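Biologist: I'm new to this one, so please pick a single part, take a close look at it, and then show me what else is there.

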Amino acid sequence: EEENVGNTKRQLAKLFEVSLRRIVPDEPDVEPVIAACTGKFGDYQCNNAMGLWSKVKGKGSEFRGPPSVGQAIMKNLPGSEIIESCSVAGPGFVNVVLSKKWLAKVSQYETLPKYLYYIVFVILNFLVFGSLALKITFDFGWGTSVSSWSNTLACTRNALTLWSIQKMLTDGIDKWAPQLPIKRAVVDFSSPNIAKEMHVGHLRSTIIGDTLARILEFSNVEVLRRNHVGDWGTQFGMLIEFLFEKFPNIEDVNETAIGDLQAFYKSSKQRFDDDPAFKERAQRAVVSLQGGEPRYRNAWLKICEISRKEFHKVYERLGVHLEEKGESFYNPYIPGVLKELSDKGLIEDSQGARVIFLEGFNIPLIVVKSDGGFNYASTDLAALWYRLNEEKADWIIYVTDVGQQQHFNMFFEAAKRAGWLPTDGALKPKVTHVGFGLVLGEDGKRFRTRSSEVVRLVDLLDEAKDRSKKVLVERGWTEQELNQIAEAVGYGAVKYADLKNNRLTNYTFDFDQMLSDKGNTAVYLLYAHARICSIIRKSGKNIEELKKTGEIVLDHDGERELGLHLLQFSENVEETCTNLLPNVLCEYLYNLSEVFTKKFYSNCQVVGSPEETSRLLLCEATAIVMRKCFNLLGIEPVYKI
Ligand code: ARG
């Protein structure tokens, strides 16, 4: 079986888990917290001691403080070929130096053909050059018997980094994709409501959901990207009736005739509230629509069609692909699903409605309203049933604002009671609500326009593009290049400003800040990438040739640090995936660009140095990893600035 080079962290976590179970058997929920570190004491660190101490202190445990917990964690680690040595530092951090032997195994496995090639090379050189060959052999790290222990370790560690990066350069970055125990996932995201404008809240769902889908796809999960649009419900009675009033001939209806759908929605609502006769007609229209009367169904289809076109424009600009399966799609499944739940004794009558009472919630989950209609929850139950049984998804992810958390928790709980989801600790199938916070304006309140209207997404994107165009104009681009780059930079900036924050926190929408070329912004990162590309271009070397023939050497500290950081790409993607936190990937990307600039590029001359080939390859590897990060974040890279 092929070793996954990015799995070091996960393998370490397994070992620490054993140790934790041994020292605190009564705390089975304590998970190992492992972090990569760049200090001189180790390659990775286990950070559980302090947290564990606060759990066990005062409970008559044998520990005397975080450092002694750290010691215990270290002493109870099972023997493993991964770890060379451990030490406890500060308040109980357990530092791990990776084992030379284990690394050697990985690098040996990875390099078998080259290894053979080297033996031949060395023998030949021995015959021809004698002592020179000895020096090459030693430099390469085989001087185990002569060199000091740590020196050898350093050599082998470099060898791992070197071979793995080399392998990525020749075989492509897909080699570094994490492996997840998931076959098929549904990502339910964006999901705006028909006849209402997409607003900045839907922007968050669209951006976050798209990134999660991309990362899962990269990790070889089959992803069903689902747009759960609100295309069903009582508001359609009102819209259809209003449509009939405005357009006695349905053939006249098109997007130019209707104009702004949001305005259309508003006026029909006005009409609904003002005129009782209209209201009554609207309520009857709902019944006709649900009964499948063609005239009503056609009107409904028209409204959906126009709305869909509007949404599509935004998706196209953002480069987001989605498949619409709106609420209406699941409507036919609701009666059967409710019958199943009812047969299982879950559903009760309550004040004329049909509800599910759930432990831990102060309100019941209403599944049939008192007027006999279905609602958001009944639709979601049917959709979940469909996704589990028809689509056979083993992970279903819902991306909405945190305000909907209770709704999700409730119907997840109902699904558990129905036996659809495991309650015995089994990991699959799994459902997750990915909540996110609000987008705030500069005044710290919900983001609105000056006239306190909901901000329209298209306007936002226009402004982002125009603003970045203004800055770029001064750089002397052709009109066509300018447009393309202004979009890459402008839309990239909007996406990155959203993704770089922990999604649960609110964030302030600030054009000046997100379009700044300094600090942790897309603009800064896109420029950093373009600069790396220009280093390679200006060297005049054919990088594709160098990939085949050149060797990476990581002698300088800056080179080694960059190499290790590149290798940690995979575990960062994995963490982003398992916790569904895109900000983890953003942070990795930002740090990569910092390590490149501050540790590597400012200390290691590239073009014209004796190490030129190796360093150009490191530049190329950095550019490839950055581009993959951009790709996973839905950001279009630029190659020139
Ligand atoms: N249409 C809903 C809204 O705009 C979001 C739907 C989310 N998906 C779901 N399966 N409930 O708030």
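Modeller: First, a word on terms: a helix here is a DSSP run of H or I at least four residues long, a strand is a run of E at least two long, and both are numbered from the N terminus. Keep in mind that this is a predicted model.

Let's take helix H8, residues 200-218. How far apart should its ends be? The expected span is 1.5 Å times one less than the number of residues, so the 19 residues of H8 should span 27 Å, and the end C-alpha atoms are indeed 27 Å apart. As for its surroundings, H8 is mostly covered, with 17 of its 19 residues buried. In an α-helix there are 3.6 residues a turn, so residues three or four places apart point the same way. After H8 comes asparagine 220, which has a positive phi near 65°.

Now for the rest. The protein has 26 helices and 14 strands, and 40% of its 641 residues are buried. Take the contacts between residues at least 6 apart in sequence: 71% of them join residues at least 24 apart.

Methionine 168 is a nice example. It sits in helix H7, which covers residues 149-171. Why does methionine 168 count as buried? The cut-off is 20 or more other C-beta atoms within 10 Å, and methionine 168 has 22, so it is buried. Leaving out residues up to four places away in sequence, methionine 168 touches Ile173, Lys175, Trp176 and Ala621. Lysine 547 is 379 residues away along the chain, yet its C-alpha atom is 10.0 Å from that of methionine 168.

Arginine 64 makes a good contrast. You'll find it in the loop between helix H2 (49-56) and helix H3. Exposed means 12 or fewer C-beta atoms within 10 Å, and arginine 64 has 11, so it is exposed. Its C-alpha atom is 57 Å from that of threonine 449, which is 385 residues away along the chain.

Follow the chain from that loop into H3 (residues 66-75), and you'll see H3 lying across strands E2 (44-46), E3 and E4, at about 165° to E3. These strands belong to an open sheet of 4, in the order E1-E2-E4-E3, with antiparallel pairing. Strand E1 (34-36) and strand E3 (83-89) are the edges, each pairing on one side only. From one strand to the next the twist averages 25°. E3 and E4 (residues 93-98) run antiparallel and are joined by 6 bridges; there, serine 87 stands opposite asparagine 95.

Another antiparallel pair is E8 (residues 347-350) with E9 (residues 353-356), joined by 4 bridges. These two form a hairpin with 2 residues between them, and glutamine 351 in the turn has a positive phi of about 50°. Aspartate 349 has arginine 354 in E9 as its bridge partner.

Last stop: the ligand. Which residues surround it? They are Asp188, Ser191, Pro192, Asn193, His228, Gly230, Asp380, Ala383, Tyr398 and Thr400. The elements that give two or more residues to this shell are helix H16 (376-389) and strand E11 (395-401). By type, the shell divides into 3 nonpolar, 5 polar and 2 charged residues.

Conventions:
Residues numbered from 1 in each chain as written. Predicted model: local features only at pLDDT ≥ 70, side-chain atom pairs only at ≥ 80, totals over all residues. Near = placed C-beta within 6 Å. Nonpolar A, V, L, I, M, F, W, Y, C, P; charged D, E, K, R; others polar. Pairing = 2+ DSSP bridges. Axes fitted to C-alpha atoms, helices over the stretch in contact; angles between N-to-C directions. Contact = placed C-beta atoms within 7 Å.
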